[in-house]
Each structure stands twice: as C-alpha cells, then as structure tokens.
Amino acid sequence: MIRDTSAQDRPLAGQPAPRLTSALRWSAAGIGAVGLFAWGLMQWADSAGAVSAEQLRVAEVSRGTLVRDASVDGRVVAAASPTLYAPAAGTVTLRSAAGAEVQRGELLAVIDSPELRSELERERRGQQQLEAELARQRILAQKAALLAQREADEAEIARVAALRDWQRADRGFALGAIAAVDHLRARDALDGAEIRARHAAKAAELETRDVALGLQSHSQQLDRQRLLVAELERRVAELEIKAPFNGIIGTLSVADRAAVIANTPLLTVVDLSRLEVELSVPESLGDDLGLGMAAEVRIGNQTVAASVAAISPEVVGNQVLVRARFEGEQPPGLRQNQRIAARILFEEKPDVLLLARGPFFEQGGGRHVYVVEDGIAVRRPVRLGASSIAAIEVLDGLQPGERVVIAGSDRFGEHERVAIH
C-alpha cells in the first residue's frame, strides 16, 4: 500500500499580495509612452509628411463686413486745364510766359493772319454793295407800285365816265331821244370800262406782291452776307487768344513769332483752384467701376474722401483712367502732377464669413484650403466669393473659429493631410 502526503500538509495563514516595485511602475509608464508615440506615429503615417509651423501663416475664419476695394496709384491733375489752339494760320505773338498768373479775359497771344483779315474786308464790301442794291430795289419797287396804281386809278375813272354815259343814254332811250343802237353802244362801252378797271386793279395788286417778293429776296441775300461777315468777325476776334478763367500758364507749345497753321496747340491754361485725382485702374477691374463710387485718397498721413466723377471709355496700357473728385473742401498744399495713392471702394457686404487673403487664393484657385486640426493640415474643398485687398468672403466649407493655412501651403503639394510640427 502506497502512503499519500496528507499527513505532511498544513494550512498557512493568509498574506497580502506583494506590491509593485518601482521598476514595475516605470515599466508601466514606458508602455503608456510607447502607446502614445504609436498613436502619434499612426497619425503621422496617415499624413504625407511634415512641415514646420514657422514656414506657414495661419488665419482664423471670422464673421464681419467685407469691403471690396482696390488700391491704385494716381496723380493730382487740374479739373480744368484746356489747351488753346490757333484758330487760323498766321504768325503768333506771345504776351505771357509759362508759369505766369493770368486773369479771365487777359490777352495771352495774338495771331496775325493777313488772309483772314483780307477775306473779312472783302465780305464787308460785299455787304455794303448788297445794302445799296436793296435800297435801290426799294425805290424801284415804289415806282412800279405807283405806276400800277396810276393805271388802276385811270381805269376806274374811265369806268365811272362810261357809267355816266350809259346812264345818260339810258334816260334818252327811255324818252325816245336816242336810238337803240346808241343805247347799246353806251352799254358796251360801260362793260369794257368795267373789265379794264378790274384788270387794272388786279394788275396793281400783283405788281405790289411781285415788288414785295423782290425786296424779300434782296433782303435775304443781305442777311446771308451779314451772317458771313459776322462769322468772319468772330474768327478775326479769336485771333486774340484770351484766358478762359483765372489760373496760370501751364506750358507753351510754340515759340514767340513762330508761323503756325490752323489748329496748332499754342499754350495750356491751368486752374489750380480746382484739382482732381487721375487714377490708373487695372483693366481687370474696369467692369466693376461706376460713377459715384466712394474713394479714399492718401496724401501723406492724411486720408481724404473722394468720389468717382469720370471713367475713360478706352483702355491704355492695360489701365483705365478714372477721375476722382474731392468731397468737400480741397486739401491744401496739393501740386500739379503730385503722385498719390488711393483706394476705390466697390462694395460693402456686412455679416459674412471672412478669411484673411493670402497666396493660397491664387495657388489653389479658391477651390480648396488646408484647415489645421490637431496639428494636421487637412485639405478641404471650399467655395469662396467676393474678395478685397485684405480678406475673402467664405460662402461654404468653413465655420467661424476654424484655422486655415493662408501662406506656405505650396509646400504641401497635392497631399490631403500634412503634419505641422
């Protein structure tokens, strides 16, 4: 028989479980760090690479008012600076120098044009001849009218005499003292006298009308000649070039005693009391321009309000020239052709999502952006709207408070996720 070990067994009192040593605690912490590193490694593995945050510029999406504007360069110009031209060919004599102050109506230059003056004198002689001819025609018309009236009066007298003869013959015939033949003869004479009287009166009327028409024709010829003389007198008067307003002589285009032809530019008069700003706007913004748009002109440290007063209908050198007029009082100390900077305000859109403008707008065409999420730049499609110099309107794809990479995203290539360290 084989004996078991029951006689050797004995119960032991319960003891507490042994505590973890310090080495074990450090081992557990190491395992957690490894797990955390592994999670970060997994996140890095999901992205295509890593870019330093110092190489990026990040902006936050916010809500505010978008002001569509454009910064342009320009210069100060006179609102009125006409160039005066030679009205006819001749020799010009200057009476003022460049930079001289002039008053309205002051004589600036004189053009000696013998041809024009000779033509004026010739037409004046023609006018005098027509005036004498008209006076002669008036006398002839009066004579013709008198002759016609005399014939009408004589015919009337003959009619009255014939009437008396017929009345006398009629009484005699009634008494039997005159034969029937004589009675009829008297009646025929009366009828003939009446016909001649009527024709004479009508002829006198027609002669009077004919004379009036003749006088009217000669009078119209004289009026036409007077208009021609008046026009030549105006052209001769324009040979004296006078200042159109108070100002200064800007430039002289010809030398004194120079021979010029018609329409040759002579000089420019500038009114420095009324200045405007001529702005050069890029052609791409030409369709957005409109009369009355607000503008801000920066002169030194001062910003002055202005408004668009005129827009050139043509494009020169990919630029559209715009005239802006100061609102209120003109700033002091401005000079002709002084260079300035200005801002044209196209539109204001309140309460919209805004994102600071950066190179990303040109690089991606505004179709996608990189949003920073937990240190990862994630590519996201967006829809952008109007833009200004400093901000862009966000229509869809972003929420207020989100952070977007606005500069440096060209380093991401076409990757969907990029780590930022």
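Q: Is glutamate 393 buried or exposed, and which cut-off decides?
A: Buried means under 20% relative accessible area. In this predicted model, glutamate 393 has a relative accessible area of 7%, so the residue is buried.

Q: Which residue does glutamate 393 meet in a salt bridge?
A: A salt bridge pairs a side-chain nitrogen of Lys or Arg with a carboxyl oxygen of Asp or Glu. Here the partner is lysine 349, at 2.8 Å, N to O. Lysine 349 sits in strand β16 and glutamate 393 in strand β20 (residues 391-396). They are 44 residues apart. Lysine 349 is partly exposed, at 23% relative accessibility.

Q: What other residue of strand β16 forms a salt bridge, and what does the pair tie together?
A: Arginine 343 meets aspartate 69, at 2.4 Å, N to O. Aspartate 69 belongs to strand β3 and arginine 343 to strand β16, so the pair ties together parts 274 residues apart in sequence. Aspartate 69 is buried, at 12%.

Q: Which helices does the pair of arginine 226 and glutamate 131 tie together?
A: Arginine 226 lies in helix α3 (residues 180-237), glutamate 131 in helix α2 (residues 114-175). Their closest N and O atoms are 3.6 Å apart. Both count as partly exposed: arginine 226 at 38%, glutamate 131 at 30%.

Q: How many salt bridges are there, and which residues are linked in a network?
A: The count is 25. Arg75, Glu276, Glu278, Arg323 and Arg325 form a network of them.

Q: Which residues touch the most other members of the largest nonpolar core?
A: A core joins buried nonpolar residues through their side chains. This one has 26 residues, and Leu279, Val297, Ile340 and Ile344 touch the most other members. Strands β3 and β16 are among those supplying at least two residues each.

Methods. Residues numbered from 1 in each chain as written. Predicted model: local features only at pLDDT ≥ 70, side-chain atom pairs only at ≥ 80, totals over all residues. Heavy atoms only, no water. Core = buried A, V, L, I, M, F, W, Y, C linked by side-chain atoms within 4.5 Å. Buried < 20%, exposed > 50% of the residue type's maximum accessible area, 1.4 Å probe, protein only. Helix = DSSP H or I, 4+ residues; strand = E, 2+ residues; numbered from the N terminus. Salt bridge = Lys/Arg side-chain N within 4 Å of Asp/Glu carboxyl O.
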